[in-house]
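Student: I'm new to this one and would like a close look at a single part. Could you walk me slowly through the surroundings of the DNA, and then show me how that part sits in the rest?

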2 protein chains.
Amino acid sequence: MPPAKIIDNPIRAADNLILVFERQIMDGTLQDGEPLPTEREIVQTYGVSRTVVREAVLALSNKGLVEARPRFRPVVRKPGYDAAIDAVGSVVARLLTVPGGVRNLFDIRIMMEAALARGAALHANRDHIAALKTALEANEAAIDDSQLFFETDIAFHSVLYDVPNNPVLPAIHKGYTGWLSNHWMQMPRQPDRNRKNARAHRAIFEAILLRDPDAAEAALRTHLDAAWSQVRETFNDL
Amino acid sequence: MPPAKIIDNPIRAADNLILVFERQIMDGTLQDGEPLPTEREIVQTYGVSRTVVREAVLALSNKGLVEARPRFRPVVRKPGYDAAIDAVGSVVARLLTVPGGVRNLFDIRIMMEAALARGAALHANRDHIAALKTALEANEAAIDDSQLFFETDIAFHSVLYDVPNNPVLPAIHKGYTGWLSNHWMQMPRQPDRNRKNARAHRAIFEAILLRDPDAAEAALRTHLDAAWSQVRETFNDL
DNA sequence: CGTTATTTTTTGTCATACCAAAAGGCAGAA
DNA sequence: TTCTGCCTTTTGGTATGACAAAAAATAACG
């Protein structure tokens, strides 16, 4: 056995730079929205080559700590739940391409949202109920407008994600809608389908009103299962 | 809402390379476990500079499509749920450092696992029950062995993630344990705490046996809330 | 003062070079 | 032969310099 290499030590210069910038972004030395220093500035400040700088910046971009459009200065983004969800977007996008990927992701969503419906029935306060009611009415009023129905549909569901008051949840919801909207949007949205979905929303709402978690979960599952069937009818290959 | 970067057209050479390799990994031209070609080979094959090649490889690494240890050839990793969870690891790690981050993440876990316990009570088959029983007994037998108790604890919970037969869930569980283990492991694990946790596991198990989803969820929540209290006692700052 | 033309930066890319570590080959020992 | 340690080659990590094109900054203009 070769002398035990206890720790893989090969530290790359780029990794150090990454750590430096991560710290600076954390402690506010680099404010949110502020552009990163120019590459050449960084080169002079830290005494590394531009190669290393570019590598570090690219990595930061992949981590979602900076937003880098092709020919522009990278802009610092404070680490938040939204940014995190965005950063994992490309990873999830790939998962949707593997066989059964969409189904698996959608099942996770069903599971989470069922739990949320249950939680809403148990813990929704007056504001949440009011928000649900508003969203529901907007949704029902948009039955004949495909695009608007899509948006109000999302808005209704998003209220469920607000109830537990955990900032991770709205971020997750934004992720879901973004990732699945590709499959969602190109579906034909006939008014009768919209009507059916609006009715399902009302069923969920009423179960929450009645503080009946079992009914709320059941209604939510029925709704999303039906939605899945609609998706499946549209795309034969999933 | 900035949903669409419809036209961000300045295509960088590295992006093309990334797409090429993504396709090759997808269609099997590059098999799982196989090393990527050497950087200089790629340079000659695609007629780009090494700068571009490095950038592309780094990006692939950040996306979790290849595993790149510092001085070694990057190895292709088939896109799967485990790889995806790994890829988002660094992002989540950062979330754990923001104020309340650990609490928020842990709450999400409680919510999911409560739903899983519920699902297990409703849908666990004979094999799942057997696996739970085995895991539970192993856990109870390890009360006096800190390390072993930790492992069997995880094993017990992981059965819950297997029940819905959705490959995303075990991956998520692996993520949870990895991300939270830092806080978890350095906790003092006295046998009395272990005993308490083991009792909680048994309560969950019995509720599942009785096919009582409400009891299963309640037991699970009690267990994880207690676990959180233990964490909180150890770390004053969260 | 606002708009446009011009100059200066800055990014994206390429080419080349060097070093140290990994990989591979090779000869000698067991 | 097989194993072992040494040596050469290959390869990744980094540095430097250069150049085109795009962005930012500045000057010129109406």
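Tutor: Let's go strand by strand along the DNA, and then step back to the rest of the protein. One thing to keep in mind as you look: this is a predicted model.

Start with DNA strand D. There are 18 residues around DNA strand D, and the ones that come nearest are Ala13(A), Ser49(A), Arg50(B), Arg54(B) and Pro70(B). Notice that this list draws on both chain A and chain B. If you sort the residues of this surface by class, you get six nonpolar, three polar and nine charged.

Now, which parts of the fold bring those residues in? From chain A, helix 1 (13–26) and helix 3 (50–63) each supply at least two residues of the surface near DNA strand D, and from chain B, helix 2 (39–46) and helix 3 (50–63) do so too. Helix 3 of chain A has the largest share here, with three residues.

What does the protein meet on the DNA side? Taking the atoms of DNA strand D within 4 Å of the protein, 62% are sugar or phosphate atoms and the rest are base atoms. You can find examples of both. For the phosphate side, look at Ala13(A): one of its backbone N or O atoms lies 2.3 Å from a phosphate oxygen of DNA strand D. For the bases, try Thr51(A), where an N or O atom of the side chain is 3.4 Å from a base nitrogen of DNA strand D. Then hop over to chain B: the side chain of Arg71(B) has an N or O atom 3.2 Å from a base nitrogen of DNA strand D.

On to DNA strand C. This strand is surrounded by 19 residues, with Arg40(A), Arg54(A), Pro70(A), Arg71(A) and Ala13(B) closest. By class, the surface near DNA strand C has five nonpolar, three polar and eleven charged residues. Of the atoms of DNA strand C within 4 Å of the protein, 62% belong to sugar or phosphate, and bases make up the rest.

Again you can pick out individual contacts. Glu39(A) has a backbone N or O atom 3.2 Å from a phosphate oxygen of DNA strand C. On the chain B side, an N or O atom in the side chain of Ser49(B) sits 2.9 Å from a phosphate oxygen of DNA strand C. A base is contacted as well: a polar side-chain atom of Arg50(A) lies 2.8 Å from a base oxygen of DNA strand C. The elements that give two or more residues to this surface are helix 2 (39–46) and helix 3 of chain A, along with helix 3 of chain B. Helix 3 of chain B gives the most, three residues.

While you're in chain B, look at how two of its helices meet. Phe21(B) and Tyr46(B) make an edge-to-face aromatic pair, 5.9 Å centre to centre with 65° between the planes. Phe21(B) is in helix 1 and Tyr46(B) in helix 2 of chain B, so the pair ties together parts that are 25 residues apart in sequence.

Now step back. Chain A is assigned two domains, domain 1 (13–78) and domain 2 (87–234). Their C-alpha centres lie 38 Å apart. Helix 1 and helix 3 of chain A, which we met beside DNA strand D, span 13–26 and 50–63.

Finally, look for empty space. The search turns up five cavities of 30 Å³ or more in the whole structure, and the largest has a volume of about 660 Å³. Ile85(A), Ile172(A), Trp179(A), Ile85(B) and Ile172(B) are nearest its centre, out of 28 lining residues. That lining of the largest cavity is made of 28 nonpolar residues, with no polar and no charged ones. So what kind of residues line the second largest pocket? There you find 22 nonpolar, ten polar and eleven charged residues.

Note on methods
Residues numbered from 1 in each chain as written. Chains lettered and ligands numbered in written order. Predicted model: local features only at pLDDT ≥ 70, side-chain atom pairs only at ≥ 80, totals over all residues. Heavy atoms only, no water. Near = heavy atom within 4 Å. Polar contact = N/O pair within 3.5 Å; in protein donor to acceptor, adjacent residues only side chain to side chain. Helix = DSSP H or I, 4+ residues; strand = E, 2+ residues; numbered from the N terminus. Nonpolar A, V, L, I, M, F, W, Y, C, P; charged D, E, K, R; others polar. 1 Å grid on protein atoms, 1.4 Å probe; cavity = no way out; pocket = protein on both sides within 12 Å on 5 of 7 lines; lining within 4 Å. Points joined across faces, edges and corners; volume = space filled by probe spheres on them. Domains from an automatic or database assignment. Phe/Tyr/Trp six-rings, centres within 6.5 Å; stacked < 30°, edge-to-face > 60°.
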